[in-house]
Amino acid sequence: MSPHPLTWLYAPGDRPHVVDKALVSGADVVVIDLEDAVAPDRKAYAREATAERLTEPQPVPVHVRVNALDGPLAQADLTAMAPLPGVSGLRLPKVISPAQITRVAETAAPAEGGAPPLYALLETALGIERAYEIATAHPALRGIALGEADLRADLGVRHDTGLDWSRARVVAAARAAALPPPPQSVHPDTRDLDGLKAGCAHGRALGFLGRAAIHPRQLPVIESAYRPTEEEIEQAETVIKAATTNEGAQALENGTFIDAAVVAAARRTLSLAGTPR
């Protein structure tokens, strides 16, 4: 298994049986959603059911996506979820400022320790413009990602490629802030596995690592798309072998030029494959 999460499966908090299935789906991280997937009249039940589920550690990391930080439900969500032993992270939707991260980190901290790891979702033009400032707002922040459905609506984008600048901006901001590469946003058509595969290949080329999912059938496609191929692993091993026997820049037998940056990329490939060197 790769040491890096590649699949992040969402499950609605008001449907405990779906959460049960998600926890045994093989996803690297399960995200229990209290926000978009839950109808307004079921928000309180979703919070209560999720809190009951997460009173104990879970078999896989579980994150909880709380309701919008500028709305009336977020504080109750944070207060209920932050202290729970089964919560591995809190996902914060529609973040638009560093101050929001700082405020959550300070107010969601249980009495016996600091806040759980926080993950900011950037879903507006303003959030994208402030990506680096948000990414560096507080040590409790462990990752950023896009919420593409809301961002698409906010920008008025009509074609998927219209989001590529925002995608690249978030990838660069995460790297500049020394955070992990962000996972891609969800592919909303759960039956369009070919489209999911193509989208993952595009996201990988842009620098994303892994992808969020809304149905277990999407998980194998995401895993396959983001896990290094045998050819990539073999090439990486060749690079590492050459780097350990020679110093400085050099060319392999196939003509590939390698230097420190290429070696670093090879190490990352092997780490993703689960064979770090």
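These are my notebook entries on one protein chain, taken from a predicted model.

**Entry 1: the whole chain**

I began with the secondary structure. The protein chain has 12 helices and nine strands. Next I looked up the radius of gyration, which is 20 Å. The globule rule gives 19 Å for 277 residues, so the chain is as compact as a globular protein of that length. I then took the extent of the C-alpha trace. Along the principal axes it spans about 65 × 45 × 35 Å.

I turned to burial and surface. Of the 277 residues, 48% are buried. The chain exposes about 13,500 Å². Carbon and sulfur atoms supply 55% of that area.

How far apart in sequence are the residues that touch? I took the contacts between residues at least 6 apart, and 67% of them join residues at least 24 apart.

I also checked the charges. The chain carries 27 positive and 34 negative charges. Their mean positions are 1 Å apart.

**Entry 2: the aromatic pair**

I searched for aromatic pairs and found one in the structure. Tryptophan 8 and tyrosine 119 form it, edge-to-face. Their ring centres are 6.5 Å apart, and the planes meet at 65°. I placed both residues on the chain. Tryptophan 8 is in strand β1, residues 7–12, and tyrosine 119 is in strand β5, residues 118–122. The pair therefore ties together parts that are 111 residues apart in sequence. Are the two residues buried or exposed? Both tryptophan 8 and tyrosine 119 are buried.

**Entry 3: helix α2 and threonine 50**

I moved on to helix α2, which runs over residues 43–53. Which of its residues are buried? I list Lys43, Ala46, Arg47, Ala49, Thr50 and Ala51. I then asked what covers them. The cover includes two helices, α1 (16–23) and α3 (74–81), along with the strands β2 (29–33) and β3 (62–65).

I picked threonine 50 out of this helix for a closer look. Its relative accessibility is 2%, so threonine 50 counts as buried. I set aside its neighbours within four places in sequence. Threonine 50 is then in contact with Gly13, Ile32, Leu34, Val64 and Met81.

**Entry 4: two residues with positive phi**

I looked at backbone angles next. Lysine 94 has a phi near 55°, a positive value in a residue other than glycine. I found lysine 94 in the loop between β4 (89–92) and α4 (98–107). Its relative accessible area is 25%, so lysine 94 is partly exposed.

Alanine 178 also has a positive phi, about 60°, and is not a glycine. The loop that holds alanine 178 lies between α8 (164–176) and α9 (193–206). How exposed is alanine 178? Its relative accessible area is 68%, which is over the 50% cut-off, so it counts as exposed.

**Entry 5: proline 85**

My last stop was proline 85, in the loop between α3 and β4. I looked for what it touches beyond its neighbours within four places in sequence. Proline 85 is in contact with Leu54, Thr55, Glu56 and Pro57. I also took one backbone distance here. The C-alpha atoms of proline 85 and glutamate 56 are separated by 5.3 Å. Along the chain, these two residues are 29 residues apart.

Note on methods. Residues are numbered from 1 along each chain as its sequence is written. This is a predicted model: local features need pLDDT of at least 70, side-chain atom pairs count only at pLDDT 80 or more; totals for chains, interfaces and linings use all residues. Side-chain values use heavy atoms; hydrogens and water are left out. Buried means under 20% relative accessible area, exposed over 50%, partly exposed in between (1.4 Å probe, protein chains only). Helices (H or I, at least four residues) and strands (E, at least two) are DSSP runs, numbered from the N terminus. Contact means heavy atoms within 4.5 Å. The radius of gyration is taken over C-alpha atoms; the globule rule is 2.2 Å times the number of residues to the power 0.38. Accessible areas come from the Shrake-Rupley method with a 1.4 Å probe; for residues, only the protein chains shown count as cover. Lys and Arg count as positive and Asp and Glu as negative; His and the chain ends are not counted. The place of a charge is taken as NZ of Lys, CZ of Arg, CG of Asp or CD of Glu. Rings of Phe, Tyr and Trp (its six-membered ring) pair if their centres lie within 6.5 Å; planes under 30 degrees apart count as stacked, over 60 as edge-to-face and the rest as tilted.
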